[in-house]
Amino acid sequence: MSNNEKVGIMGGTFDPIHYGHLVTAETARTNFKLDRVIFTPAGRPPHKKGYAVTSSEDRYLMTMLAINNNPFFEISRMEIERPGLTYTVDTLEQFYNDLGKNVKLYFISGADAVFDILTWKDVDKVLSYCTFIAATRPGYPMEQLNQKLMQIRQIYGHQVVPMKVTSLDISSTEIRRRVKEGLSIKYLLPESVETYIRKSGLYR
Ligand code: ATP
Ligand code: MG
């Protein structure tokens, strides 16, 4: 492995993965000159209450299909194989140990996740393991995001870096709702994932 490799970690439930995730990861890769981005589907996300998260294997397969045509994108089973609830701090620690000290980690996340960050387990540790990237997302104005980032910096002394991403007002929640109601999800996510959803009968 080359020295000082820059590796992005794209965390998410990916239920299902969509173009909002993909464009965010690709923007981080090019803006931060990352050597690769590892998509890491969550096992049991502690904050997703109120609906039954799709099986890890379905979410893993959909993520695999979606990243297949990008040579810089990879996928990890780390979170889906770790027993118990999924915490980002454990993931970063594991990547840090597995990849070695010469690798610089970048955690890629959307603005909505950053607004919740103060509730995360061991935020301080999370921020010390990586450069934390906060991508803009429709509904989370840059001004508000910057205020939050200032607050995080004041509390933890760590910087979270904002990243402007082409606005795609797409969410997995909306896609699940559309499938349930029999509406089209074409052009919101890769065709391979759309086909997988149709064939496996997910979200109906
Ligand atoms: P759900 O509606 O189920 O919460 P989601 O669309 O928010 O799904 P997640 O798997 O929760 O997708 O998100 C994974 C990461 O991707 C989060 O950090 C989230 O902020 C980010 N993200 C998701 N959609 C977008 C988008 N359209 N633009 C920018 N970032 C996004
Ligand atoms: Mg979400």
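In this predicted model, 6 strands come together as an open sheet with parallel pairing, and reading across the sheet gives the order β3-β2-β1-β4-β5-β6. The edges are taken by β3 (73–75) and β6 (160–163); each has a single partner strand, so one side of each is left without a neighbour in the sheet. From one strand to the next, the twist averages 30°.

A good place to start looking at the pairing is β1 (6–12), which sits between β2 and β4 in the strand order. Towards β2, β1 is joined by 6 bridges, the two strands running parallel; here Ile-9 stands opposite Ile-38 of β2. Towards β4, the parallel pairing of β1 extends over 5 bridges, and Val-7 has Leu-105 of β4 as its bridge partner. Of the 7 residues of β1, 5 are buried, so this strand is largely enclosed by the rest of the structure. Further along the sheet, β5 (residues 131–135) pairs with β6 in the parallel sense over 4 bridges, with Ile-133 matched to Val-161 in β6.

The helices that pack on this sheet can be described next. Helix α1 (residues 19–31) touches β1, β2 (36–41), β3, β4 (104–110), β5 and β6. The direction of α1 makes about 160° with that of β1. Together, β1, α1 and β2 make a β-α-β unit, and its hand is right-handed. Helix α2 (residues 56–67), in turn, lies across β2 and β3 and runs at about 155° to β2.

Turning to the ligand, which parts of the chain give two or more residues to the shell around ligand 1? These elements are α1, β4, α5 (111–116) and α8 (172–180). The largest share comes from α1, which gives 3 residues to the shell. Helix α1 thus appears in two settings, packing on the sheet and contributing to the surroundings of ligand 1. Around ligand 1 there are 19 residues, of which Gly-12, Gly-20, Gly-110, Ser-172 and Thr-173 come nearest. Sorted by class, the shell holds 10 polar, 6 nonpolar and 3 charged residues.

Technical notes
Residues numbered from 1 in each chain as written. Chains lettered and ligands numbered in written order. Predicted model: local features only at pLDDT ≥ 70, side-chain atom pairs only at ≥ 80, totals over all residues. Pairing = 2+ DSSP bridges. Axes fitted to C-alpha atoms, helices over the stretch in contact; angles between N-to-C directions. Contact = placed C-beta atoms within 7 Å. Near = placed C-beta within 6 Å. Nonpolar A, V, L, I, M, F, W, Y, C, P; charged D, E, K, R; others polar. Buried ≥ 20, exposed ≤ 12 C-beta atoms within 10 Å, placed from the backbone. Right-handed = clockwise from strand over helix to strand, strands pointing away.
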